[in-house]
Amino acid sequence: MKNLILDVDTGIDDAFALLFAARHPEINLLGVTCVDGNTSLPKVIKNTMKVLDAAGAKAIPVAAGATRPLIDEPRYAEMVHGEDGLGDLGTPDSQRALDSRPAVILLRDLIEESSAPVTLVPLAPLTNIALFLRSFPETAKKVERIVLMGGSAAGGNATATAEFNVWHDPEAAAIVFNSGVPITMYGLDVFMKPLVTQKHADALMAKPEACSQFAGKLISNFIKQMGPEVTLGDYGAVLTALKPELSTRESLALVVDTTFGPNRGQTAVDRRSFFERDDAHTHAPRVDVCLDIQTDVYRELWLETIQG
Ligand code: BDR
Ligand code: CA
């Protein structure tokens, strides 16, 4: 069993990740922390609860985190995820109660109480994770690994050079990458690879189970918005945490651009093969960067788990 905590800004592809994590038999989902990102924190919390209902998840703690980035104003991605942040499907509200602890306290408690190592899987701007690492450095040392969706070794999506989650809160990302906790970056180099189509949505909607139907509707709606093939997105980071052997990774030096120029939020990954250099990358932390994945296996394992 793999002990995971997801940090989310649910979000259609965060929903794909939550459904998988809540249902996969080898994952022990200890809890979920919410942060503003794709949409505002109250909407993220509502969406997360709805997705856990659709997954048929047991009662797990869900906590509220940051309502905005450390420095910047929030900038949402509702053009991708809909006005409610979850494809505007009209899914009824959940009756689940929010945990009374703030996200950083829930993270501390879950990690301290766990008898087995815990992996954090942030799928959103890194504000909550940075605040946790800074607030509880002794607990942070107990984190087995952070497997995050964010960044890119090549171009960006929020800007020409920056990926959305890092661009939304670059200072938080810099704190996390420099924290000393082992990090795997599941970024834009692989994020768009596991694709699903209307054929997959129809097959899911034809099943009687609530989880399949919900996932099918999400995909179908996402296709209307984004085109005939849509990515399972954030989900890939969860599978990478569970089965790293399905990905190709390289340990590379990485610097987050926190300047206020055109490259703000870029993760500048050093892929030069020579080491006699003297620049910002010389002392930069090394990150396990995902450069390729077994795409078909990623898609099939998701479909199996959602339908199973
Ligand atoms: C990331 O941004 C969000 O819109 C997605 O949920 C994903 O976490 C991709 O850049
Ligand atoms: Ca996300």
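Visitor: Is C211 buried or exposed, and what is its relative accessible area?
Guide: C211 is buried, with a relative accessible area of 3%, where buried stands for under 20%, exposed for over 50% and partly exposed for what lies in between (1.4 Å probe, protein chains only). This is a predicted model, in which local features need pLDDT of at least 70 and side-chain atom pairs count only at pLDDT 80 or more, while totals for chains, interfaces and linings use all residues. Residues are numbered from 1 along each chain as its sequence is written, chains are lettered from A and ligands numbered from 1 in the order written, and side-chain values use heavy atoms, without hydrogens and water.

Visitor: How many disulfides turn up in the whole structure?
Guide: A search of the whole structure gives zero disulfides, a disulfide being a pair of cysteine sulfur atoms within 2.5 Å. For C34, which is in no disulfide, the nearest cysteine sulfur belongs to C211 and is 18 Å away. C34 is itself buried, at a relative accessible area of 0%.

Visitor: Changing topic, what coordinates the calcium ion (ligand 2)?
Guide: The ion is held by OD atoms of D9, D14 (listed twice) and D234, together with the O of L123, at 2.3 to 2.6 Å. Donors are N, O and S atoms within 2.8 Å of the metal (3.2 Å for Na, K and Ca), and sites may look incomplete as water is not among the atoms.

Visitor: And how are those donor residues spaced in sequence?
Guide: The spacing is D-x4-D-x108-L-x110-D. D14 in helix α1 (residues 12–23) and D234 in the loop between β8 (230–231) and α12 (235–242) are 220 residues apart, so the pair links distant parts of the chain; helices (H or I, at least four residues) and strands (E, at least two) are DSSP runs numbered from the N terminus. Both D14 and D234 are buried.

Visitor: How many aromatic pairs are there?
Guide: The structure holds eight of them, counting rings of Phe, Tyr and Trp (its six-membered ring) with centres within 6.5 Å, called stacked under 30 degrees between planes, edge-to-face over 60 and tilted for the rest. F20 and Y235, for instance, are edge-to-face at 4.8 Å centre to centre, with 70 degrees between the planes.

Visitor: Why does the pair of F20 and Y235 tie together parts far along the sequence?
Guide: F20 lies in helix α1 and Y235 in helix α12, so the pair ties together parts that are 215 residues apart in sequence. Y235 also pairs edge-to-face with Y298, at 6.4 Å and 70 degrees, and Y298 sits in helix α13 (residues 295–307). Y235 and Y298 are both buried.

Visitor: Which residues do ring pairs link into a cluster?
Guide: The cluster consists of F16, F20, Y186, F222, Y235, Y298 and W302.
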